[in-house]
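Got your viewer open and ready to click? Let's take a walk through this molecule, one selection at a time.

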Amino acid sequence: MKLRIGQGIDVHRLEKGLPLFVGGIQIESEIGAVGHSDADVLLHAICDALLGAANLRDIGYHFSDTDPKFKGIDSKILLAEVFKLIQEKGYGVNNVDSTVILESPKLNPHIPAMQKEIASILHIDEDAISIKATTHEKVDSFGNSEAIKAYASCLLIK
Ligand code: MG
């Protein structure tokens, strides 16, 4: 048995009037994330954790943010592509742990729906997908709702 650990971090700017996607679902919010894709910060962090664990570079290497092909793309498609890449290297996902930093709205009520989406893409049990949500205590750009950030760690198994 071979185990590989990985970590990923992502940040997106927030602006009024844009949709907010986190963990594969749309969250009702007056502010949304700015990005070339659907700007799902949590899925991007998880993509990078998986790619890192398999030593397959990073999300920007595989899905360029200047390629019109990926404009507005659902990040669930990117995560599914990343899963394919790690599978090609012989790995499966043991578990994911993650944290999203967002001042508001509260993400906690949406976490079970996010776990379900991510677990189905990665072909593992929902119990293997941990998502924590925290605010930034109104401190600096995250606390002022100017940006959203996510951290993810994962363990791959062969
Ligand atoms: Mg991103």
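Start with a bit of vocabulary: a residue is buried when its relative accessible area is under 20%, exposed when that is over 50%, and partly exposed in between, using a 1.4 Å probe and counting protein chains only. What you are looking at is a predicted model, in which local features need pLDDT of at least 70 and side-chain atom pairs count only at pLDDT 80 or more, while totals for chains, interfaces and linings use all residues. Residues are numbered from 1 along each chain as its sequence is written, and side-chain values use heavy atoms, with hydrogens and water left out.

**Stop 1: Val-34 and its company**

Select Val-34. With a relative accessibility of 25%, Val-34 counts as partly exposed. You'll find Val-34 in the loop between β4 (31–33) and α1. As for those labels, helices (H or I, at least four residues) and strands (E, at least two) are DSSP runs, numbered from the N terminus.

Which residues does Val-34 touch, leaving out those up to four places away in sequence? Light up His-12, Arg-13, Glu-15, Leu-18 and Ala-39. Touching here is contact, meaning heavy atoms within 4.5 Å. Now look at His-12: His-12 and Val-34 are 22 residues apart along the chain, and their C-alpha atoms are separated by 6.1 Å.

Hop over to Ala-39, which sits in the loop between β4 and α1. Ala-39 is buried, at a relative accessible area of 1%. Check its backbone too: phi of Ala-39 is near 65°, a positive value in a residue other than glycine.

**Stop 2: along α1**

Next, select α1, residues 41–53. How many of the 13 residues of α1 are buried? The count is 12, so color this helix as mostly covered. Among them are Val-41, His-44, Cys-47 and Asp-48.

You can check the length of α1 yourself. The expected span of a helix is 1.5 Å times one less than its number of residues. For the 13 residues of α1 that gives 18 Å, and the end C-alpha atoms are 18 Å apart, which agrees. After α1 comes Asn-55, with a positive phi near 50°.

**Stop 3: α4 and its buried side**

Now pick out helix α4, residues 111–122. Its 12 residues should span 16 Å, and the end C-alpha atoms are indeed 16 Å apart. Select the buried residues of α4: Ile-111, Met-114, Gln-115, Ile-118, Ala-119, Ile-121 and Leu-122. They cover an arc of only 160° around the axis, which puts them on the same side of α4; the arc is that of the directions from the helix axis to the C-beta atoms.

What do these buried residues pack against? Show β2 (20–22), β3 (25–27), α1, α3 (75–88), β5 (92–101) and β6 (129–134). Just after α4, click His-123, where phi is positive at about 55°.

**Stop 4: loops with a twist**

Go to Pro-105, in the loop between β5 and α4. The peptide bond from Ser-104 to Pro-105 is cis, with omega near 0°.

Then try Lys-138, in the loop between β6 and α5 (140–143). Is Lys-138 buried or exposed? Exposed, with a relative accessible area of 65%. Phi of Lys-138 is near 60°, positive in a residue other than glycine.

**Stop 5: charged pairs**

Side chains of opposite charge can pair when their charged atoms come close. A salt bridge is a side-chain nitrogen of Lys or Arg within 4 Å of a carboxyl oxygen of Asp or Glu. The whole structure has 5 salt bridges.

Select Asp-97 and Lys-132, whose side chains meet in a salt bridge at 2.8 Å, N to O. Asp-97 lies in strand β5 and Lys-132 in strand β6, so the pair ties together parts that are 35 residues apart in sequence.

Head back to Glu-15, which you met beside Val-34. Glu-15 forms a salt bridge with Arg-13, the closest N and O atoms being 2.7 Å apart. Glu-15 is partly exposed at 36%, and so is Arg-13 at 47%.

**Last stop: a nonpolar patch**

Finish by selecting Ile-9, Val-11 and Tyr-151, which form a nonpolar surface patch with about 240 Å² of accessible area together. Patches are made of residues with over 30% relative accessible area and no salt bridge, joining like charges within 9 Å and nonpolar side chains (Val, Leu, Ile, Met, Phe, Trp, Tyr) within 5 Å. Accessible areas come from the Shrake-Rupley method with a 1.4 Å probe, and for residues only the protein chains shown count as cover. Val-11 belongs to strand β1 (residues 3–16) and is partly exposed, at 40% relative accessible area.
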